[in-house]
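Biologist: I have not looked at this one before. Can you take me through it?

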Amino acid sequence: MPAEAGAGIDIRLMGVAKRFGRGAGAVDAVAPIDLTVEAGETVALVGPSGCGKSTLLRIVAGLEAPDDGEVTLGGADPAARRAEGALAVAFQDAALLPWRTLRGNVALARRLARQAPDPARVAHLIERVGLTGFESVRPGALSGGMRQRAAIARCMATAPSVLLLDEPFGAVDELTRRRLNLELPPIWGEGGATVLLVTHSVREAVLIADRVVVLSPRPAEIVAEIPVPLPRPRRAAMLEAGETRGISARVEAALGDTAGELAAE
């Protein structure tokens, strides 16, 4: 059954595993993992570099096939959800088409998902990400932070039920990254989207997520699941609050010897 536009659906990983290569040279990237992200929940995946976080996200997106196990999004195959526009993915590289305007890039998502044009929604999203006035500008004239804002607007153009984010703010400066951490989650939260985020930053994970899932070095296994019971909308002042620091400390403790590889700040 097609997902209702803008309504979150659950993500279920059941015994999902991935290996690359064959025989003696095979490398296990993801150990068997069971994970559920509830409809409307935002979950952050953290772990050391190369542990398999991005591979796991690509499996959820249907861009990689698991060697074992199954992934369902609201009970359906990821490829089917992507085809109907219910699944959107944003990577560290905004990957905007350089020959299209900002408006054209955002609107393209609906065309690719075979959805009817919706200029009003496109205009609303451009306004929500703070890019009003830049509708006719091409990506080459935008800053890194502006391109990431445009990429998020493009992802939301189809009113996806599931949003997958792979280090979406990793290519921008620290000040811009913190601003995007605060300003963009309310936008994807408007429609109740279910969000799975990969990040190297403990602080970012705690500021954005409802739950932080800590992964081990490769092959990725879940070593801890830490709830983040902070009220929304999140504010910059929360970063200095004792409760937030306590949650960050729990994440870092779960990371153990790998914590030094992350931007815990």
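Modeller: What follows is a walk through a predicted model, going from the sheets to a helix, a pocket and a few single residues.

Biologist: Start with the six-stranded sheet. In what order do the strands come, and how do they pair?

Modeller: The order is β5-β6-β7-β3-β8-β9, the sheet is open, and the pairing is mixed. β5 (87-90) and β9 (222-227) are the edge strands; each has a single partner strand, so one side of each has no neighbour in the sheet. From one strand to the next the twist averages 15°.

Biologist: What about β5 and β6, parallel or antiparallel?

Modeller: They run parallel, and four bridges join them. β6 covers residues 162-166. Within that pair, A90 stands opposite L165 of β6.

Biologist: Which strands does α1 touch there?

Modeller: Helix α1 (residues 53-61) packs on this sheet and touches β3 (42-46), β5, β6, β7 (194-198) and β8 (211-215). Its direction makes about 155° with that of β6. Helix α9 (residues 242-255) also packs on the sheet, in touch with β3, β8 and β9. The direction of α9 makes about 175° with that of β9.

Biologist: Now the three-stranded sheet. What is the order?

Modeller: β2-β1-β4, again an open sheet, with antiparallel pairing. β2 (27-37) and β4 (68-73) are the edge strands, each pairing on one side only. The twist averages 20° from strand to strand.

Biologist: How many bridges does β1 make with β2, and how many with β4?

Modeller: Seven bridges join β1 to β2, and five join β1 (residues 11-20) to β4. On the β2 side, F20 stands opposite V27. On the β4 side, A17 has D68 as its bridge partner.

Biologist: What sits between β1 and β2?

Modeller: The two strands form a hairpin with six residues between them, and G21 takes a positive phi near 85° there.

Biologist: Back to α1. Which strands of the three-stranded sheet does it lie across?

Modeller: α1 lies across β1, β2 and β4, and runs at about 120° to β1.

Biologist: Why call that helix largely enclosed?

Modeller: Because seven of its nine residues are buried, α1 is largely enclosed by the rest of the structure. The buried ones are K53, T55, L56, L57, I59, V60 and A61. Just after the helix, G62 takes a positive phi of about 80°.

Biologist: Different topic: pockets. What volume does the largest pocket have?

Modeller: About 450 Å³. Its lining has 18 residues, and A88, V89, A109, L112 and R154 lie nearest the centre.

Biologist: Which element gives the most to that lining?

Modeller: α3, with four residues. The elements that give two or more are α2 (78-83), β5, α3 (102-112) and α5 (144-156).

Biologist: And how does the lining of the largest pocket divide into nonpolar, polar and charged?

Modeller: It has 13 nonpolar residues, three polar and two charged.

Biologist: Now some single residues. Where is Q92?

Modeller: Q92 lies in the loop between β5 and α3. Its relative accessibility is 37%, so it counts as partly exposed.

Biologist: What does Q92 touch, ignoring residues up to four places away in sequence?

Modeller: Q92 touches Q148, D166, E167, P168, G170 and A171. Q148 is 56 residues from Q92 along the chain, and their C-alpha atoms are separated by 8.2 Å.

Biologist: Then T42. Buried or exposed?

Modeller: T42 counts as buried, because its relative accessibility is 6%. T42 lies in strand β3. Leaving aside neighbours within four places in sequence, T42 is in contact with W188, V195, I208, A209, D210, R211 and R232.

Biologist: Last one. Where is R177 found?

Modeller: In helix α6, residues 174-183. R177 counts as buried too, at 13% relative accessibility. Its contacts, without neighbours within four places in sequence, are E167, F169, G170, V172, T199, S201 and E204.

Technical notes:
Residues numbered from 1 in each chain as written. Predicted model: local features only at pLDDT ≥ 70, side-chain atom pairs only at ≥ 80, totals over all residues. Heavy atoms only, no water. Pairing = 2+ DSSP bridges. Axes fitted to C-alpha atoms, helices over the stretch in contact; angles between N-to-C directions. Contact = heavy atoms within 4.5 Å. 1 Å grid on protein atoms, 1.4 Å probe; cavity = no way out; pocket = protein on both sides within 12 Å on 5 of 7 lines; lining within 4 Å. Points joined across faces, edges and corners; volume = space filled by probe spheres on them. Nonpolar A, V, L, I, M, F, W, Y, C, P; charged D, E, K, R; others polar. Buried < 20%, exposed > 50% of the residue type's maximum accessible area, 1.4 Å probe, protein only.
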